[in-house]
There are 2 protein chains.
Amino acid sequence: MSPLKNDRFIRALLRQPVDKTPIWIMRQAGRYLPEYRATRKKAGDFLTLCKTPELACEVTMQPLERFELDAAILFSDILTIPDAMGLGLEFKEGDGPTFSNPIKNRSDIDKLSIPDPSGELRYVTDAVSLIRKELDGRVPLIGFSGSPWTLATYMVEGGSSKDFSKAKGMLYDRPDDMQKLLDILSDSVATYLNAQIEAGAQAVMIFDTWGGALTPEDYRRFSLSSMTRIVEQLNRNYDGDTIPVTLFSKGANHSLADLANSGTNGVGLDWTVNIGDASRIVGNKVALQGNLDPSILYSSEDSIKQHARKVIDDYGQNTGHIFNLGHGIHPAIEPEKVKTLVDFVHQYSASLK
Amino acid sequence: MSPLKNDRFIRALLRQPVDKTPIWIMRQAGRYLPEYRATRKKAGDFLTLCKTPELACEVTMQPLERFELDAAILFSDILTIPDAMGLGLEFKEGDGPTFSNPIKNRSDIDKLSIPDPSGELRYVTDAVSLIRKELDGRVPLIGFSGSPWTLATYMVEGGSSKDFSKAKGMLYDRPDDMQKLLDILSDSVATYLNAQIEAGAQAVMIFDTWGGALTPEDYRRFSLSSMTRIVEQLNRNYDGDTIPVTLFSKGANHSLADLANSGTNGVGLDWTVNIGDASRIVGNKVALQGNLDPSILYSSEDSIKQHARKVIDDYGQNTGHIFNLGHGIHPAIEPEKVKTLVDFVHQYSASLK
């Protein structure tokens, strides 16, 4: 494997000095790019795109051709693990993900086993290897997974949900069943991420999209503790490299101090916290990733620069910051706006060093 | 007007001693009640139900017949003001609210004027008077409005929105236009709530459903400051009674200290903060309303009691707490579950006095 030419992202996650603030964008390979829409059309449907390593590699590389991004992220879906567990994942147009065999009771949970990364999930590690080769050391490759709680919500609801009535019904009425489900998911995610690391992922991230739907106590008991269990199992030294991990729980700013104590290297922030305040809470234990409101990209270039500068100024330190949006980029954003943001973050942060 | 037989709700909002913790439920008059669904069917559509004082009164009273609630809340919609401003409100079945004449630019904003509560909005004050008469002093009647920022999002988006691209585009690119819109909405809400007070509302509440979509700084600058402007204009002594006001910004727990300094009597809490932590932040400046996760009502009676007890124990003081859910009750909840909750809150809190 080629050595990294740009290791700014890894260094910032490890709180080492950097020449400028690294930046990548959640969902940077996505619908706002016309070339992505073309590849997706070629694939036919979303799952085929995810499951065909050559196509997943193609869309992973697309944003890097346009923008000076400091990391690539594997193109995949957060629901690959429950799909490999046999829940029957489908994406119906405009309808979000659905599972034809959702988890209803303890007996469904007891039947689950940890998916073999070299079996059903082979397409993921194949994509990782292919992307890593294609990147040729240009920037690091991030592997990822959904968090156990977030996966559990989809598995119990049978798809997306507005209020999580079934998943929370299980959590409140049968916390032991929910814990059992979260435990097998935690071990599955750890196995899965370790396989991505072996295949070439140079950093990993866990997306906890629905952690913020829980009360602070339940978030810590059910979601954060599952992620901590994963962090403890990760192979964070591989082939001489340190593999940093980032946890991102949207809407869980109430628990930043606990996130910082979980053993993670980085904590992702949504835009509902001032990054300076977050930094004072986490101290120098972790790096912070974020946290521009994705809707800023609907506004003018001047507004984008002004708000990006504020995030950098509010953070106020020379390292430990990875610039990103506070959530995935919206499909209606003009690609030029991303270029404005990426170039500004590099130029402005370099001017401060 | 009859004197209040049960003033527990008012006393708790004013942080005066109470014999037990008062409780009411956001959306207590709503779709989870079969008698509500029957009245709505009789009305034909949702807006007719809101605009017919006799029917609005009928559904307002329904939950009080079933449960020992400590307050009634006017049955209405948060979008009455933009409707009265001529934006053309419609509720399409299963589709949420839409405006046929949304706000696009400064010229649309400049054309807006404060609706006359004795004109287009007369149906609201008529409903308030009728409900107050029907209540006959049983429990206090809460009047309410949407917050300026929340109303502005619907007016600029033309309806509901997932990402507020247009409203945030205006806020980021043309903050002066957004401020102008918020100013006229603030003065309209103040006029509207004062008219509800004159018609008989014994407390008022402002629902800021979308305050939490903003960054903390923008929340304080655009949403909280508008609500503060309203609070300053409210007629809080009427006919010898103190009229307490409650502000509820969903997802804005980052700004509880600022909310407590806004001049409000009560602050509503969603379930993503521990009420004991919130109480330590706001001190004895305000009462707190909340904050059981509405999804708890999907679980068993034992689970409901256990979680309700935790909220009361976490709050830990003898007054200044109004029990409620952290958001509106979901339509699929069984009414019996509400009875369990209401009776438990009264019985358990009385046992602590």
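Start with burial in chain A: 54% of its 353 residues count as buried. Keep in mind that this model is predicted.

Stay on chain A and show it as a cartoon. You should find 15 helices and eleven strands. The radius of gyration is 19 Å, close to the 20 Å that the globule rule gives for 353 residues, so chain A is as compact as a globular protein of that length.

Now switch to the C-alpha trace of chain A. Along its principal axes, the trace spans about 60 × 45 × 40 Å. Next, turn to contacts within chain A. Take those with a separation of 6 or more: 72% of them come from residues 24 or more positions apart.

Move to chain B. Select residues 301–315, which form helix H14 of chain B. Add residues 335–352, helix H15 of chain B. How do these two helices pack? Two packed helices are described by the angle between their axes and the distance between the axes. For H14(B) and H15(B), the angle is about 40° and the axes are 10 Å apart. That angle falls outside the under-35-degree range for roughly parallel and below the 65 to 115 range for roughly perpendicular, so H14(B) is oblique to H15(B). Their crossing is right-handed.

Show side chains where the two helices meet. On the H14(B) side, pick B:Glu301, B:Ile304, B:Lys305, B:Ala308, B:Arg309 and B:Ile312. On the H15(B) side, pick B:Lys337, B:Thr340, B:Leu341, B:Phe344, B:Val345, B:Tyr348 and B:Ser349. Color this set by residue type. The contact of H14(B) with H15(B) divides into seven nonpolar, two polar and four charged residues.

Notes: Residues numbered from 1 in each chain as written. Chains lettered and ligands numbered in written order. Predicted model: local features only at pLDDT ≥ 70, side-chain atom pairs only at ≥ 80, totals over all residues. Helix = DSSP H or I, 4+ residues; strand = E, 2+ residues; numbered from the N terminus. Rg over C-alpha atoms; globule rule 2.2 N^0.38 Å. Buried ≥ 20, exposed ≤ 12 C-beta atoms within 10 Å, placed from the backbone. Contact = placed C-beta atoms within 7 Å. Axes fitted to C-alpha atoms, helices over the stretch in contact; angles between N-to-C directions. Parallel < 35°, antiparallel > 145°, perpendicular 65-115°, else oblique. Left-handed = near helix turned anticlockwise from the far one by under 90°. Nonpolar A, V, L, I, M, F, W, Y, C, P; charged D, E, K, R; others polar.
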